[in-house]
Every structure is written in structure tokens, then in C-alpha cells.
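Colleague: I should like to learn how to read a helix and a charged pair. May we take one feature at a time?

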Amino acid sequence: MHLCPERDINLLRQKNQTTVFCTFLDASKAFDRINYCNLFRLLINRDMPAYVTRVLLNLYIGNFVRISWCGILSDYFLATDGVKQGRVLSPVLFCMNIDGLLTALASANVGCYIGRNYVGALAYADDLVLTAPSASALRKMLAICNNYASDFHMSFNDNKSKCIVIFPSSRACLRPLLSDCNFKIGEKVIEFVLFYSHLGHVVTDSMDDGPDISKRHGDFIGQVNSVLCDFRQLPSIVKYRSFSSYCTSFYGSELSNAKLVNFGIT
């Protein structure tokens, strides 16, 4: 399920005035850890045509690689795990591998819902966000993630995995109790944070758009200064095209509720 965590978490809080436990998980070297046996078993279970499966099987089980380091090449060796980096098909194969985890989380009937829509697991490639209405629900979801990771040779990066607890104003008094609460991925405790940068967006425990807009405002100024500095001696048309290419990305800005005029943008 590829959705926007910032929007969905805010809807959950505003509509039901409930606490949302939000955990950001990062899969370590996810593309490199895909097990071929599990991958091709998934292809067969999805009724992939036999000739397509055989072609892919031949491409991957006969995948010999070597390492280049400072102009020195190693001997060829057989790669037994992982999809090919940079190939068009690799993201599709990875999504197929992670889809089982999303299905398992949805089938467990734990996690947050907006109406009848399940938003307990929000994923984009190897970044996964879990949203739960209670600590016990989040622990069940993390247990599912741990079991799936063990079965499919995945590993979640405990250093990059963080947890934000979003309280409605009526329950803000419960925040001190978080010191007695902990969640684990693998054997490591997940750190509680007040804000987290997810897919380029700054998510805060107050769901305030201000920090995210401030970051983008700073990025925009930096990009403009870089264009003016690096291309100062080139014609204006080149500067204009460079500005259009590198400085006009407003991805996700339509989700913001804050007033842009506070940052000089009208």
C-alpha cells in the first residue's frame, strides 16, 4: 500500500482524536538480501508464465560478478542473493518480495484504519511506516515484521528505525508515560524521537508543517545559490533552464496546511 504517512496520520488524529503510534522502519540493504528461492517461489505462486520464470531464473542463478577496486579487478564469483542494481525490473521484483509483509500486516487486523481503508502499513520501496492506535497493536505488528524478516532473509536497520507518538491535545498529559514504554525490531529497542525526516518530509509529533516548510525553504535557497554560483558566467537561458530543472521541485507541497506567506512565499 503506497500512501502518504503525513496526510494519513493527520487524518487519524483529527477525525478520531486518538493517539497514533508511528514507527518508521528501514530495511538494510534490502535489494541485496532478496533470496532467490523465496523470490521465484513468489513468482510461481502468482501464476507467472513458466517461460518468463525460466528466463528470470536463468538470468539470476548464472549471475557472475566481480569487484573493481582502485583499478584492480577480482576473480568472478557467483552472486546467490539480491536483485540486479539499476535494472528496470529490480524494483518490481523487490515490491513483489515485500508485498507479502504488507498483506500479512493487513490480514492481522491490527493497525490504524480510516473508515474501511487500512493504513496500518504504508510502504515505499524499502521504507515502511507502521501506524497503530495502541502500544500492544504496534508490538503485534513489529512481531509480524520480525517473523517475515526471518523467513525472507531481511534485516531492519535498528539505527535508522524510529518511533513517533502523536497525541491529540486531550491526551497530551500521557506523554511522560512513554518513558516506561519500549518497542523492539529484532533485538534492538527503537528510539523515540520528536521529529523524523521520511522521504524528504519532516514529520513531527505535533504534525506541524512548519519544520517541513522551513527545510524546503532552506533547500530552495541553497539550490538557487548553487545555480547562480556554478553558472554565473553562462547565458541567461542556461540559468533559466538550470533553475527550472534543479530548483522548482514542489513535491508534496499540496499536502501542507501551513501558511507559506510566513516564509515570504505567496
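Colleague: Which residues of α3 are buried?

Modeller: This is a predicted model, in which local features need pLDDT of at least 70 and side-chain atom pairs count only at pLDDT 80 or more, while totals for chains, interfaces and linings use all residues. Residues are numbered from 1 along each chain as its sequence is written, and side-chain values use heavy atoms, with hydrogens and water left out. Buried means under 20% relative accessible area, exposed over 50%, and partly exposed in between (1.4 Å probe, protein chains only). In α3, the buried residues are T53, L56 and Y60. Seen down the helix axis, they fall within an arc of 70° (taken from the directions from the axis to the C-beta atoms), so they line one face of α3.

Colleague: Which residues are exposed on the other side of α3?

Modeller: Y51, R54 and N58 are exposed there.

Colleague: How should one read a salt bridge?

Modeller: Side chains of opposite charge can pair when their charged atoms come close. The rule asks for a side-chain nitrogen of Lys or Arg within 4 Å of a carboxyl oxygen of Asp or Glu. Here the count comes to two salt bridges. In one of them, R46 pairs with D99, with the closest N and O atoms 2.8 Å apart. R46 lies in the loop between α2 and α3 and D99 in helix α4, 53 residues apart.

Colleague: Which side chain meets E191 in a salt bridge?

Modeller: The partner of E191 is K162, at 2.5 Å from N to O. K162 is buried, at 15% relative accessible area, whereas E191 is partly exposed, at 44%.

Key
Helices (H or I, at least four residues) and strands (E, at least two) are DSSP runs, numbered from the N terminus.
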